[in-house]
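Dear colleague,

Here is the structure I promised to pass on to you, with some notes on what turned up in it. Please read them with the model open beside you.

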Amino acid sequence: MILTVDIGNSNIVAGCIDQERTYFVERLSTNLNKTSLEYAISFKNILELYHIDAASIDGCIISSVVPPLNRTIRDSLEKITHKSVMTVGPGIKTGLNIKIDNPAQLGSDLVVDAVAAIHEYGAPLLIFDMGTATTMSAIDHTGSYVGGAIIPGIKVSLDSLSSRTSQLPRIGLDKPRRVIGTNTIECMKSGAIYGNACMIDGMIDRASEELQGNIKVIATGGLARFITPHCRHHIIYDDILLLKGLLLIYQKNKPN
């Protein structure tokens with residue numbers, strides 16, 4: 001069993017996984033001001049909540065889009081597990097062929113998603129990761145990462161809308177009763193839910209023309225479950241895709 005940690009802009013997703021099962025997935029708020037000790041206490045509390053002994057963890061692996069936190073999180077994991085911590089980045093074998101202008105610019109979370117999706121579902125495929133930003137990753141029929149798109153995230157868009165308009169409130173992401181809203185909140189919910197669902201459908205249509213072939217579509221990330229049920233394309237929702245990818249990469253790089 002390994003402890004996986006994905007450091008995102010809004011949340012840190014931690015989980016324990018092995019080849020047989022996923023033991024838990026939990027989220028912490030990303031906070032640059034926390035010390036390694038504070039994060040260590042948080043991770044230790046999560047393990048205790050699920051009755052997992054830190055000594056039973058074979059290793060740890062991190063993916064991150066917040067480099068200033070990498071050292072802090074690595075130190076915190078070493079404190080509670082007394083194991084070396086692997087970080088997805090230069091020098092780590094992933095097996096992913098990246099065909100974009102500058103492969104070094106590709107976020108480690110997208111690399112991990114792609115590794116897991118290709119292994120689990122085959123290629124060609126599209127992967128939508130819906131978090132602070134909504135990202136689309138395109139994998140061609142050879143299993144190569146050929147590009148994608150970055151779209152403002154749902155909550156980022158809603159927060160911007162509320163903060164820049166005096167009469168629009170902050171809202172949740174529960175399903176609106178209908179597409180055509182009859183009050184301000186229902187109109188906002190329709191735009192957030194159905195608007196993003198239509199955007200996903202439209203991106204699938206256009207990207208499919210470029211990729212060609214029988215394309216599978218995978219969705220992951222904390223906000224995907226609110227949107228994908230309202231899409232008209234068949235989308236496979238995999239909320240532990242990133243954990244699966246981190247496990248695969250850990251296995252490729254673990255010491256003999």
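Which residue follows H5, and what is the sign of its phi? The residue is glutamine 212, and its phi is positive, near 65°. Please bear in mind throughout that this is a predicted model.

Helix H5 itself covers residues 184-211, and its 28 residues reach 39 Å from the first C-alpha to the last, which is close to the 40 Å expected at 1.5 Å a residue. At the start of H5, a side-chain oxygen of asparagine 183 comes to within 3.2 Å of the backbone nitrogen of isoleucine 185, while glutamine 212 with its positive phi follows the helix.

Three pairs of helices are worth going through in turn.

For helix H4 (residues 154-164) and H5, the axes come within 11 Å and cross at roughly 150°. An angle over 145 degrees counts as roughly antiparallel, and H4 and H5 are therefore described in that way, as roughly antiparallel to each other. Their crossing is right-handed. On the H4 side the contact involves Ile154, Leu158, Leu161 and Ser162, which meet Met188, Ala192 and Asn196 in H5. Sorted by class, the residues of this contact are 5 nonpolar and 2 polar, with no charged ones.

The second pair is helix H3 (residues 108-121) and helix H7 (residues 241-253), whose axes lie 7 Å apart and which pack at an angle of about 90°. That angle makes H3 roughly perpendicular to H7. From H3 the contact draws on Asp109, Val112, Asp113, Val115, Ala116, Ala117, His119, Glu120 and Tyr121, and from H7 on Leu241, Leu242, Lys244, Gly245, Leu246, Leu248 and Ile249. By class, the contact of H3 with H7 has 10 nonpolar, 2 polar and 4 charged residues.

In the third pair, the axes of helix H1 (residues 36-49) and helix H2 (residues 70-81) come within 8 Å and cross at roughly 50°, and H1 and H2 are therefore oblique to each other. H1 passes H2 in a right-handed crossing. The residues that make the contact are Ser36, Tyr39, Ala40, Phe43, Lys44 and Leu47 of H1, together with Thr72, Ile73, Asp75, Ser76, Leu77, Lys79 and Ile80 of H2. These divide into 7 nonpolar, 3 polar and 3 charged residues.

Finally, there are some points about the backbone. Most residues other than glycine have a negative phi, and most peptide bonds are trans. Against that background, you may wish to look at histidine 51, which is not a glycine and yet has a positive phi of about 55°; histidine 51 lies in the loop between H1 and strand S4 (59-64). The peptide bond that joins alanine 123 and proline 124 is cis, with an omega of about 5°, and proline 124 is found in the loop between H3 and strand S7 (125-130).

With best regards

Note on methods: Residues numbered from 1 in each chain as written. Predicted model: local features only at pLDDT ≥ 70, side-chain atom pairs only at ≥ 80, totals over all residues. Heavy atoms only, no water. Helix = DSSP H or I, 4+ residues; strand = E, 2+ residues; numbered from the N terminus. Expected span 1.5 Å × (residues − 1). Polar contact = N/O pair within 3.5 Å; in protein donor to acceptor, adjacent residues only side chain to side chain. Axes fitted to C-alpha atoms, helices over the stretch in contact; angles between N-to-C directions. Parallel < 35°, antiparallel > 145°, perpendicular 65-115°, else oblique. Left-handed = near helix turned anticlockwise from the far one by under 90°. Contact = heavy atoms within 4.5 Å. Nonpolar A, V, L, I, M, F, W, Y, C, P; charged D, E, K, R; others polar.
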